Each structure stands twice: as C-alpha cells, then as structure tokens.
Amino acid sequence: MIEVTEPANAEVMAEVPRAGAEEVDEAVARAKRAFPGWRDVAPAERSAILRTLADGIEDQLEELAVLEARNAGKPIGDARGEMAMVVECFRYYAGAPERLLGQTIPVAGGVDMTFREPLGVVGLIVPWNFPLVITSWKTAPALAAGNTVVLKPAELTPLTALKLERIGIEAGLPEGVLNVVAGPGSVCGQRLVEHPDVAKIAFTGSTEVGRGIAAGAAQTIKRVTLELGGKSANIVFADADIEAAAQSAPFAVFGNSGQDCCARSRILVERAGMDEFMAALESTVKSMVVGDPLDERTQMGPLISASHLETVSSFLDDDPPVAFRGSAPDGPGYWFPPTILAPMSNDDRASREEIFGPIASVIPFDGEAEAVAIANDTIYGLSGSVWSGDGGRALRVARALETGVISINSNSSVRVSTPFGGFKQSGVGRELGPDALEHYTDVKNVFYYTEES
Ligand code: TAP
C-alpha cells in the first residue's frame, strides 16, 4: 500500500494500493482494447461525455479542493481555483472533437486531404505540485483527440487522480479509456516509457527525469512532450509601477510554497529602483500568512515532504545573504518561511538551480541589455515577467527573452486557451490551447486519384 501523507502535519491521511509493472501492463492492455471503440465514437458524442465529465468534477469541486489542499499542502483558496481550472480545461477540450480539422491541398491528378488521427494509448506522468490541474492539461486533450489514457500520478499525491478515474466512469467514459496506476515513477513510470504499446509519453517533472524519459522513449520512437524545470526571471525596470511589481513578486515565487515550475525565483531589479522595490517587497513578504492549508486566510502552506524540506534548506548551507524572511509554523509538518536573498549574483547556486521552494534571489542590473543577458544566462526557459512603464521596451525585452511564456506588468503564466511550455531545457512541446491537440494526434495524408482512366 502507499501511505499518503498530509504535509502540514506529517500524518498519514489515506492508504491506496501501490501499482507495479504488472498493473501498468494490465492498464495498457485495457487501454489498447478500448482504443478502436473510443476513436470511433462520433465526435459530438465524445464532446458530450467530456462535458459530463467536467460537470461531474464541478459537482465535487469542494471535496476535491479539500483533498488536494490536504494532500499537496496548498491553501484551500488556491486549491479551489485549481479545481475550477480543471473544470474549465475539460470544458475547453470538450469543444475539440468536432474541430480537429484537416486540410485539402491542391495537387495534380486528384484530391489530397489530411486528417488528424489519434495516436493510440498515451502514457501521462504527472508530478505532485499541481496534481489534478496538470492531470487535466494532459488528459482532456488526449481524450478529446480520441486517444485512450494510462495516467500515473505522483506517489505522494495520487488521491484526486483516483477520484477523477471514478468520475470519468460515472460520466460515461467506456471501460479502459481512462486508467490510473498509482505507483512509483522508477517502476510504473519507467514501464510506461518502455512499453511497446504506448504511443506517446507526456511528462511533467524534473529536468533530470525528463532526460531519462526522452532517452527511454527513443527505443520505441515514442512521441514525447516534456514540461520540465524553470528558473524564471521577474524583470523590474526603474520606470515600472514598482509598488505593484513588489506586491506581486512574492506570490510569483512563494505561491504553492515555491513548488512551481513557473516560479519567478530570480527577481532582477534595475539599480535605480532597488531601494523602493526592496522596501515594498519586505512589507509584503513579512505580512504573508503561512500556515494551515485549510484556513481561509492562508497564503502559503508547507513543502511537500521531509526530503524536499531538506533539499530546500540546503540552499542556505553556504550562507547566502538573507535580506529578510517571513514566518512559518514550527511543526510538525514540512515548513519553510518565505526567504529573500539579496543582493545576489546570477552565478550563485541559489540563482542557478531550480530550488522548488520559497527562496528568491534579488539580482541588481543596469539597463535593458544587462537585464536580458542575465535573464537568458540559464539552461532553463519556461516563463518570466517584464515590468516597465515603457510599452515598447517591455515588448522588446519580452521578444529578446529565451523563454516560452512571458507576462508584461503581470506575473500570470497559465490560461486554458493559450499555449504553455518551455524553451531550452525547460521542455519540448506545448500544453493547453489548440497547440496541445497537435501533440496528441498525427497527421495522415490521403491522396485520392480522380483522373479518368
Ligand atoms: P520527478 O522525480 O521528476 O517526478 C515527476 C513524476 O515523474 C512523478 O510522477 C514521478 O513518480 C515520475 N518519475 C520519477 N522517476 C521516473 C522515471 N524514472 N521514469 C518515469 N517516471 C518517473 O520530480 P520530483 O522528485 O517529484 O521532484 C524533484 C524536482 O523536480 C523538484 O525539486 C523540481 O525541481 C522538479 N519538479 C518540477 C515540476 C514541474 S511542474 N516542472 C514538478 C515537480 C517537480 P513518483 O514521484 O511517483 O516516483
């Protein structure tokens, strides 16, 4: 059995059966049998089932939000927002089956047309930081395009995915279309990657595991999409609304306790605006409410596990300059206070590695060119922000950054209808929006000869 822990108090909150390689093989076999039937369901009917599935999630939104808040240690308000996004995601892709359009292409001798065909059985590997949200980003487009799914949630947070499987059956998904296997990545994830009957792996998690998945998938030439780590820059120019930037910055890195691939964990501030920025940042960080995820006032919860707390804490081992910190409960549970390091260099360990915890580096710069050079000096390229009162400059800098998702005068990264994914070692492929559908289909080209014989 898997003992599922509540990170706010380090107590076991549930036990679920632990799947192994054999259960993965059985799930893939079920998904393979179900594929031709699901592929051939009329598009409008597939849409209707996905809409019913979205309604089923909405009906249980509060229960799911509480489960996610307790299991992942996230503030209940955030968890409710995430569950609303899950509903929105299934509704968005419910519209896709009737819009998976091909082309007709002018050629000699006949008619050439293209079709977007589903891939078959797809393996979805999901992390613990946004368990059901990231599940929905993969499952909804995969099912809408006519694939069948074997979903592996993280062993630390399997509860909402198991609930989704049941809601799917109640919504009318045929047997074998959505299968959840809760077990360790090194066994279940690995088996999915190797399995000859799995056509594609969609993975979100660490860059290190992502490298192994890309290499493993190459053996059977699987399609792969990877959404990996980040070390995103939040660039604040002196001509920006500094108060607004400073009030927003803590939530862009300490949201979800910093366990967010989009965390803007490098805050680049133009020297001329530094004093004003730091004063406003300090008052916001110190007033953050860190505590019980189920308390409505909470803005930040604990870290996910004891071993992750150890990893995050290690970033203070070599005594970086701690400018100020917020508060955090003593324990039990895996607590770490929001922490600002300043002034930092982009070469310091905390500025280079993805910490995945509530630690931010403030890095000073002078002028546009230096800001872009520092921001791009990383192996990652997932998200980022530019704050400036000069619209031309903000757009110029946004275009110069080697990153997949950028916000101007805001720190938001994700909308269901727009593409999300990374440049460089932050990943391959895109989730959300119409782009995701391309990653769950292959193009078939059919030529129909029409000349008289
Ligand atoms: P990972 O080890 O990358 O785990 C992500 C998912 O991959 C989990 O479902 C995991 O399963 C599975 N997995 C692990 N090893 C695998 C393998 N060999 N083959 C196939 N699947 C495998 O991430 P983590 O340990 O949870 O976190 C470590 C670091 O990854 C974090 O500190 C952070 O830097 C990064 N991370 C990034 C993201 C995003 S959104 N980009 C999300 C989570 C973590 P089990 O966990 O069940 O073993």
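Helices here are DSSP runs of H or I with at least four residues, strands are runs of E with at least two, and both are numbered from the N terminus. You're looking at a predicted model, where local features need pLDDT of at least 70, side-chain atom pairs count only at pLDDT 80 or more, and totals for chains, interfaces and linings use all residues. Residues are numbered from 1 along each chain as its sequence is written, and side-chain values use heavy atoms, with hydrogens and water left out.

**Exercise 1. Place aspartate 366 and describe its surroundings.**

Step 1: find the loop. Aspartate 366 sits between strand S14 (359–365) and helix H13 (367–376).

Step 2: check the accessibility. Buried means under 20% relative accessible area, exposed over 50%, and partly exposed in between (1.4 Å probe, protein chains only). Aspartate 366 has 45% relative accessibility, so it counts as partly exposed.

Step 3: list the contacts, meaning heavy atoms within 4.5 Å. Once neighbours within four places in sequence are set aside, aspartate 366 touches Glu270 and Arg271.

Step 4: try a long-range pair. Alanine 154 is 212 residues from aspartate 366 in sequence, and their C-alpha atoms are 42 Å apart.

**Exercise 2. Work out the strand order of the six-stranded sheet, then look at what packs on the sheet.**

Step 1: get the order. Strands count as paired if DSSP finds at least two bridges between them. The open sheet reads S7-S6-S5-S8-S9-S17, with mixed pairing.

Step 2: pick out the edges. Strand S7 (178–180) and strand S17 (427–428) each pair on one side only.

Step 3: add the helix. Helix H7 (residues 185–194) packs on this sheet and touches strand S5 (121–125), strand S6 (148–152) and S8. With axes as lines fitted to C-alpha atoms (for helices over the stretch in contact) and angles from 0 to 180 degrees between N-to-C directions, H7 makes about 155° with S6.

Step 4: go through two pairings. S8 (residues 200–204) and S9 (residues 223–227) run parallel, joined by five bridges, and phenylalanine 203 has leucine 226 in S9 as its bridge partner. S5 and S6 are also parallel, over five bridges, with glycine 123 opposite valine 150 in S6.

Step 5: look at the faces of S5. Val121, Gly123 and Ile125 point one way, Val122 and Leu124 point the other way, and all are buried.

**Exercise 3. Do the same for the three-stranded sheet.**

Step 1: the order is S3-S4-S18, in an open sheet with antiparallel pairing.

Step 2: strand S3 (104–107) and strand S18 (441–449) are at the edges with a single partner strand each, so one side of each has no neighbour in the sheet.

Step 3: ignoring direction, neighbouring strands here are turned by 25° against each other on average.

Step 4: S3 and strand S4 (residues 110–118) are joined by four bridges, and isoleucine 105 stands opposite aspartate 112 in S4.

**Exercise 4. Classify two helix pairs by angle.**

Step 1: set the classes. Under 35 degrees is roughly parallel, over 145 roughly antiparallel, 65 to 115 roughly perpendicular, and the rest oblique.

Step 2: take helix H9 (residues 242–254) and helix H10 (residues 274–286). They pack at about 50°, axes 8 Å apart, which makes H9 oblique to H10.

Step 3: sort the contact residues. Ala, Val, Leu, Ile, Met, Phe, Trp, Tyr, Cys and Pro count as nonpolar, Asp, Glu, Lys and Arg as charged, and the others, Gly among them, as polar. The contact of H9 with H10 has eleven nonpolar, two polar and two charged residues.

Step 4: take helix H3 (residues 61–72) and helix H6 (residues 159–171). Their angle is about 155° and their axes are 9 Å apart, so H3 is roughly antiparallel to H6.

Step 5: name the residues. H3 brings in Glu63, Leu64, Leu67, Glu68 and Asn71, and H6 brings in Leu159, Thr160, Lys163 and Ile167. By class they come out as four nonpolar, two polar and three charged.

**Exercise 5. Track down the unusual backbone spots.**

Step 1: recall the background. Most residues other than glycine have a negative phi, and most peptide bonds are trans.

Step 2: find the cis bonds. One joins glycine 331 and proline 332, with omega about 10°; another joins alanine 342 and proline 343, with omega about -10°.

Step 3: find positive phi values. Asparagine 409 has phi near 55° and, at 38% relative accessibility, counts as partly exposed. Leucine 432 has phi of about 65° and, at 0%, counts as buried.
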